[in-house]
Amino acid sequence: MPTFILDLDDTLIPNGVFYLKSILDYMSFLYEHQDFNLHLPNVSDLMTIIIKENRKLVEKNGFVITTHPSAYEQVYRNLCDERGISPISEEIVEIRHMGEFPFRVDYSRYGLLPGVRETLEFLLEQGDELIVATKGEVGEQRRKMEETGLFEYIKEENFHVGLRDKIEIFGGLWYNRTGDIVYSVGDNAEHDINDATIFGMQGIYIPPFRNRMKVPVFVNPERVRRYERFSDIRENYDLLVNNHP
Ligand SMILES: [Mg+2]
């Protein structure tokens, strides 16, 4: 019986677009700020600075929901420091509010990405096992599952959340499923595909909307398929599951 381990954010539900809105709002604030505007790096360099600050905090604390607002606050404080001006507490509140935007999104308004519902129904009809493995904070990831109705398709015991990555989840699932074909499906080459294929799983990579131009690096390319959209799993199903030694 094939098992599909599905990523959540930007595989089953929209997510990156909310981060993009948040970061653009924050950058607009900085460019419009009279103490900074004429002396800021260009858009792509400024974005890199913010993303690096975010990554530092993720490495320290994992994917907790305070990471994003704290990264915005830290970048703002650094900019103040460099200019010898004092941070303003009202501005910090405003900035953190922008950073919290993705966590205030009502996911029931957006639902599942196009083609996801039909494909999940199809896979269940085939008798396949569906699992969600996602990075993040448990409460927040669960909220998204509930608001988008995903628990209709995913059993409670098949919902797994990793604070930093999904390696332990993949390891546990893999060792319980000897002899089955196990696919890991996701938009992140490292966390969804490489961390799964190192155990022997098959990878199905569906590039995210925001960096389709980026060339992903796979550690086990012979076990990775690239599909353009989630519904391609259904379109190519026979070829996919009957094509293994
Ligand atoms: Mg994802």
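In the predicted model, the C-alpha centres of domain 1 and domain 2 lie 30 Å apart. The domain assignment places residues 16-104 in domain 2, whereas domain 1 is made up of two segments, 3-14 and 109-241. Contact between the domains involves 11 residues from domain 1 and eight residues from domain 2. On the side of domain 1 that touches domain 2, six residues are charged, four are nonpolar and one is polar.

Taken along the principal axes, the C-alpha atoms of the protein fill a box of roughly 65 × 35 × 30 Å. The secondary structure consists of 11 helices and six strands. Of the 245 residues, 29% count as buried. Among contacts between residues at least 6 apart in sequence, 66% join residues at least 24 apart.

The six strands form an open sheet with parallel pairing, and their order across the sheet is β3-β2-β1-β4-β5-β6. Its edges are formed by β3 (159-162) and β6 (224-226), each of which pairs on one side only. Neighbouring strands of the sheet are turned against each other by 20 degrees on average, direction ignored. Within the sheet, the parallel strands β1 and β4 are joined by four bridges. Phe4 has Tyr183, in β4, as its bridge partner.

Elements of the sheet also contribute to the largest nonpolar core, which comprises 29 residues. The residues with the most contacts inside this core are Ile5, Leu12, Tyr183 and Val185. At least two core residues are supplied by each of the strands β1 (3-6), β2 (129-135), β4 (182-186) and β5 (202-205). The helices α6 (116-125), α8 (167-175) and α9 (189-197) likewise each supply at least two. Apart from this core lies another, of eight residues, which include Tyr26, Tyr72, Tyr76 and Ile95.

The surroundings of Tyr183 link the description of the sheet to that of the core. Tyr183 is the bridge partner of Phe4 and is also among the residues with the most contacts inside the largest core. When its neighbours within four places in sequence are left aside, Tyr183 is in contact with Pro2, Phe4 and Ile5, as well as with Met201, Gln202 and Ile204. Of these contact partners, Ile5 is itself listed with Tyr183 among the residues with the most contacts inside the core.

Methods: Residues are numbered from 1 along each chain as its sequence is written. This is a predicted model: local features need pLDDT of at least 70, side-chain atom pairs count only at pLDDT 80 or more; totals for chains, interfaces and linings use all residues. A residue is buried if 20 or more other C-beta atoms lie within 10 Å of its own, exposed if 12 or fewer, and partly exposed in between; C-beta atoms are placed from the backbone. Two residues are in contact if their C-beta atoms, placed from the backbone, lie within 7 Å. A nonpolar core is a set of buried Ala, Val, Leu, Ile, Met, Phe, Trp, Tyr and Cys residues joined through C-beta atoms within 7 Å. Two strands pair if DSSP finds at least two bridges between them. Axes are lines fitted to C-alpha atoms, for helices over the stretch in contact, and angles run from 0 to 180 degrees between N-to-C directions. Domain bounds come from an automatic or database domain assignment. Ala, Val, Leu, Ile, Met, Phe, Trp, Tyr, Cys and Pro count as nonpolar, Asp, Glu, Lys and Arg as charged, and the others, Gly among them, as polar.
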